[in-house]
Structure formats: structure tokens, C-alpha cells
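I opened this notebook to keep track of what I looked up, entry by entry, for someone who has not met this structure before.

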Amino acid sequence: MYRRIEAEFGMLAPPLTLHAPAPPVLAASWSILREVMVVPGLVTRPEKEAVAAAVSLANNCPYCAEVHGTTLRGLVRGKDPEAIAAGRITDVADDRLRALAGWAAASAEAPGPAPFPRAQAPELVGTVLTFHYINRMVNVFLQESPLPPVRGFARDVVRRGAARVMRRLASSTPLSAHDTSDLLPAAELPDDLRWAAGRPTIANALARAARAVDEGGERRLRTSARELVRAALREPGRDAGTAPWLRERLATLPDRDRPTARLALLTAVASYRVTDTVIADVRGTGADDAALIEITSWASMTAARHIAALQDTGDDPGGHHGG
């Protein structure tokens, strides 16, 4: 897996390698990222990076916002990358980038009409799903920024250097002739992922990944805990993830199930609220690294699938591509 990621993505990115304790989940996360984000299609890489950056800002994921904002700076000239990275989407001059970033930023809270033709839904809704998933995993397991802790002019220098590196990686990533079908067993595409059916390689990757992640969640979480997470996603609220909110939901579970259910709930609805204490409590149940990854991966993917299923999948397939 590491050899393939390094060859095709250009680097062993921490948001992928954090999944290593659970190899099927690592394969799932790479399969989705590769087929949606890296493989060329109807949507340009800068457009996908704008969506990734906007979703990451909306999810309070500074690590991913930094990475994808920096990549966008490397790929697009002018002030638009800075505006998107700062969340000033109305200041973006490019109509296409402004529309995509605005749509992506609202994807979880107030999904609106898709600013793209239906043929592009597998890539663009797929990018939304990918980063609602990755943001949650990164918020739980990684530090706030991949860049060195410098400020002022030094930080600008570091960002410019990082932008050049990311431009090179995003522009010249070598892809092998095969897809990721050899990494996970075949699976049927779930109904909530039917928006991907128009792009068979993306649909295939999502189907296999969804099964692998679901199997991990079933190993680590009781049915009652998984149903709590699904119910919380159907009934979002401003207080989601707060102590009173958690107490109300966890009260329905036996004491032994509460630590893992707490981690799953927080990961799904407010991943930035996961603390060392939450993780330590799960460790106290005997959970190892693989268990932590499978719990959080299931919660992250369940949330990402829920959000993706809410999205408009575009206008008539004959619509023009405004790249």
C-alpha cells in the first residue's frame, strides 16, 4: 500500500498513513482519494482542490485547509486561492471556483443546487464525501498544521515553498494502468452512493471502501451505538457534541458501551471536540490502535455518506462543463 501511494500520490501523506493500523481501512481511504481526486476526469484538479479547501474550512479542520489551500495556491494564479483559503468565497473572481467553493462550504449545513452538470457529480460529490471523511480523521489524529510553527514573513516563505511542491505533485502524479480493484473485495454499490454510478471506477472504489469501513464499524461498535450515530446525523443541532448533548444520548447505553459510542458520536458530528481523554477512555476498554481507527473511520464515513446523499447531483447530463 505504501509503495503504491508513494508512486501514485507522490508522498506518504499523513491523512492516509494514519489509517495503517487497520489495513483494509487504509486501502479504502486510498481507493476513494485516488479515484475521486487524483485520477483525471471531467473536473480539473484546481476545482477539486477548491472544493476540498472549502469543505475543510467548514469542518474546522485547519490541517486539511492548510494543505488544500496551499495546493490551490500552487495551481491557480491570482488572488482567488487566498480568498478561498481565508473563507472569503464571495471575493473569488472566477465564477466557476466561487460557485463550487460556495456549494462545498454549505454541503453539511445547507446544501443548495449543484453548480455543475450531472456528469460531474461522481467527482464533485465524491470530493465532498472524501473530505468530510478525511477532515474528521485528521481532526482526531493529527496536529493542526503540516507546516513548521513559524509566523509572519517566515510563514509566507514556507507557504510559497510548499505551494511549489504541491503544484508539482498535483500536476505530475504518475498513475498506473490499473485501478484500485485489487485492494479490497468486490461489493455492491449501496443505494445512498448511487450518485456515483455514472463513473464506474469511482462507484467501484466507493462500494468496496464502504463495505470495508462498515465491517470495521460492526466489529467495534454495537448496533445500538451505530444507531445513535445515525440518529444524531439525521437531527443536527448547534449543541451537537457538547457535554449535555452527549449525556442525553449516551444515557440510553450500558456503561461499558459509552466510551466507544462517545468517540463515534463526536467523530461524526463534531470531530474537533475529540480530546485525549475521550481517546484514553476508549483505550481503557482494551481497544488497540486498529480499534480506534475502525471506530473513527466508520463514524467519519457514515457522516460523509449522509452529507453526500443530501447533495443535488447536477442538472441535465447535457449541461456544459465550465472549467
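The entries below go from ground rules to charged pairs, then to the nonpolar core and to single helices.

**Entry 1, ground rules.** I am working with a predicted model, in which local features need pLDDT of at least 70 and side-chain atom pairs count only at pLDDT 80 or more, while totals for chains, interfaces and linings use all residues. Residues are numbered from 1 along each chain as its sequence is written, and side-chain values use heavy atoms, with hydrogens and water left out.

**Entry 2, salt bridges.** I searched the whole structure and found 21 salt bridges, taking a salt bridge as a side-chain nitrogen of Lys or Arg within 4 Å of a carboxyl oxygen of Asp or Glu. As background, side chains of opposite charge can pair when their charged atoms come close.

**Entry 3, Glu-123 and its partners.** I looked up Lys-48 and saw that it forms a salt bridge with Glu-123, with 3.3 Å between the closest N and O atoms. This pair links distant parts of the chain, since Lys-48 is in helix H4 (residues 45–58) and Glu-123 is in helix H8 (residues 121–141), 75 residues apart. For helices I follow DSSP runs (H or I, at least four residues), numbered from the N terminus. Glu-123 also meets the side chain of Arg-199 in a salt bridge, at 3.0 Å from N to O. That pair too links distant parts of the chain, with Arg-199 in the loop between helix H9 (152–171) and H10, and Glu-123 in helix H8, 76 residues apart.

Are these charged residues buried or exposed? I noted Lys-48 as buried at 1% relative accessible area, Glu-123 as buried at 2% and Arg-199 as buried at 18%, where buried means under 20% relative accessible area, exposed over 50%, and partly exposed in between (1.4 Å probe, protein chains only).

**Entry 4, a network.** I then turned to Arg-34 and Glu-35, whose side chains meet in a salt bridge at 2.7 Å, N to O. Arg-34 is buried with a relative accessible area of 3%, and Glu-35 is buried with 2%. Together with Glu-8, these two residues are linked in a network of salt bridges.

**Entry 5, the nonpolar core.** The largest nonpolar core has 98 residues, and Leu-129 and Leu-206 have the most contacts inside it; such a core is a set of buried Ala, Val, Leu, Ile, Met, Phe, Trp, Tyr and Cys residues joined through side-chain atoms within 4.5 Å. Leaving aside neighbours within four places in sequence, I listed the contacts of Leu-206 (heavy atoms within 4.5 Å), among them Ile-32, Leu-129 and Trp-195.

**Entry 6, Ala-209.** This residue is in helix H10 (residues 200–220) and counts as buried at 0% relative accessibility. Not counting residues up to four places away in sequence, Ala-209 touches Ala-28, Ile-32 and Leu-184.

**Entry 7, Thr-71.** I found Thr-71 in helix H5 (residues 62–75), buried with a relative accessible area of 1%. A polar atom of its side chain lies 2.8 Å from the backbone oxygen of Val-67.

**Entry 8, helix H15.** Helix H15 (residues 289–309) has 21 residues and reaches 30 Å from its first C-alpha to its last, close to the 30 Å expected at 1.5 Å a residue, the expected span being 1.5 Å times one less than the number of residues. Because 18 of its 21 residues are buried, H15 is largely enclosed by the rest of the structure.

Terms used: Helix = DSSP H or I, 4+ residues; strand = E, 2+ residues; numbered from the N terminus. Polar contact = N/O pair within 3.5 Å; in protein donor to acceptor, adjacent residues only side chain to side chain.
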